[in-house]
Amino acid sequence: GDVYKRQLWLHAGGWTSGDRTGTGPVVDGLIADGAVVVSADYRLTPQHSFPAQIHDVKRAIRWIKAHPADVPHDRLVVAGASAGGHLAALAATSPGDLEPTDLPAELAAHDSSVDGAVSLSGPMDLTRFWQADHPWAKPLSDGFLDCDSAGCDPTLMLEASPTHWVDPADPPLYLAAGTADELVTAADNADRMWQTIQATGDAARCWYDRVDGGTHNLWDDLDLTRLQQFLASFDLVPSDPTAASV
């Protein structure tokens, strides 16, 4: 029968804004390649702080697994941009941890593991992002982590950081960061994630594109060639495209 791959897309918005309609060219490209894309909402700050967002993402992963008739599939890739890219990488690296506890039986029957992840311009190390030299970084971090302006618990920042959860069992991860991103700098985020994966993960399963001159809104004009090659390399896209979106 037809082979489908599912993509769970997580929108940008600094954890404070946006909704599941915030997709764009990357998602359009994935659909054109035959992916079945589900775009999910997650609770926003400041009304809801971490770990509400990752709980919602893991609930969405389980929902997709629980609805094979609605979302035909045999692979699941979690993908996102900016705050969504952070949550995608965090979900991929922390199955079994940071899990919601109030799951109905239908969702509790499934786990939150994924077959791959895509993170575009996502914060990877909250201990670095919180103190970044950009006027938005600290307020966004404070709202996400429910911190005050004086300080933030380092243990909490680590728990919310994809870098903290890296191990060799992690699924394949595609990282992209722009060298001209002044908010989520490559040096303190994607570089850190790549270095951590080289040290404590499986570097053969991570592709990192450091886009020269790329800005934070990388997802608006990203050359999809390498992302498509990554997805194909790990059998995460259909061999016989049948495009759809949900």
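## Salt bridges and nonpolar cores in a predicted model

Arg-75 is partly exposed, at a relative accessible area of 25%; buried means under 20% relative accessible area, exposed over 50%, and partly exposed in between (1.4 Å probe, protein chains only). This is a predicted model, in which local features need pLDDT of at least 70 and side-chain atom pairs count only at pLDDT 80 or more, while totals for chains, interfaces and linings use all residues. Residues are numbered from 1 along each chain as its sequence is written, and side-chain values use heavy atoms, with hydrogens and water left out.

Arg-75 forms a salt bridge with Asp-235, a salt bridge being a side-chain nitrogen of Lys or Arg within 4 Å of a carboxyl oxygen of Asp or Glu. This pair links distant parts of the chain, 160 residues apart: Arg-75 is in strand S3 (residues 75-81), and Asp-235 is in the loop between helix H9 (225-233) and strand S7 (244-245). Helices (H or I, at least four residues) and strands (E, at least two) are DSSP runs, numbered from the N terminus. Asp-235 is partly exposed, at 36% relative accessibility.

The whole structure holds 14 salt bridges, including those in the table.

| Salt bridge | Closest N to O |
|---|---|
| Arg-75 and Asp-235 | 2.6 Å |
| Asp-125 and Arg-192 | 2.9 Å |
| Asp-209 and Arg-226 | 2.8 Å |

The side chains of Asp-125 and Arg-192 meet in a salt bridge. Asp-125 lies in the loop between strand S4 (116-120) and helix H5 (126-129) and Arg-192 in helix H8 (residues 190-200), so their pairing ties together parts 67 residues apart in sequence. Asp-125 is buried, at 2%, whereas Arg-192 is partly exposed, at 27%. In the pair of Asp-209 and Arg-226, Asp-209 is buried, at 13%, and Arg-226 is partly exposed, at 33%. Lys-58, Arg-62 and Glu-99 are linked in a salt-bridge network.

The largest nonpolar core has 52 residues, of which Leu-8, Leu-10, Val-57, Val-78 and Leu-145 touch the most other members. Such a core is a set of buried Ala, Val, Leu, Ile, Met, Phe, Trp, Tyr and Cys residues joined through side-chain atoms within 4.5 Å. Helix H3 (residues 83-93) gives the most to this core, with seven residues. Apart from this core lies another, of 24 residues, among them Val-27 and Trp-219.

The protein chain averages a pLDDT of 91, and 94% of the residues score at least 70; pLDDT is the predictor's confidence in each residue, from 0 to 100. Over residues 241-246 the pLDDT is below 50. Where pLDDT is low, the predicted coordinates should not be read in detail.

How values were computed:
Contact = heavy atoms within 4.5 Å.
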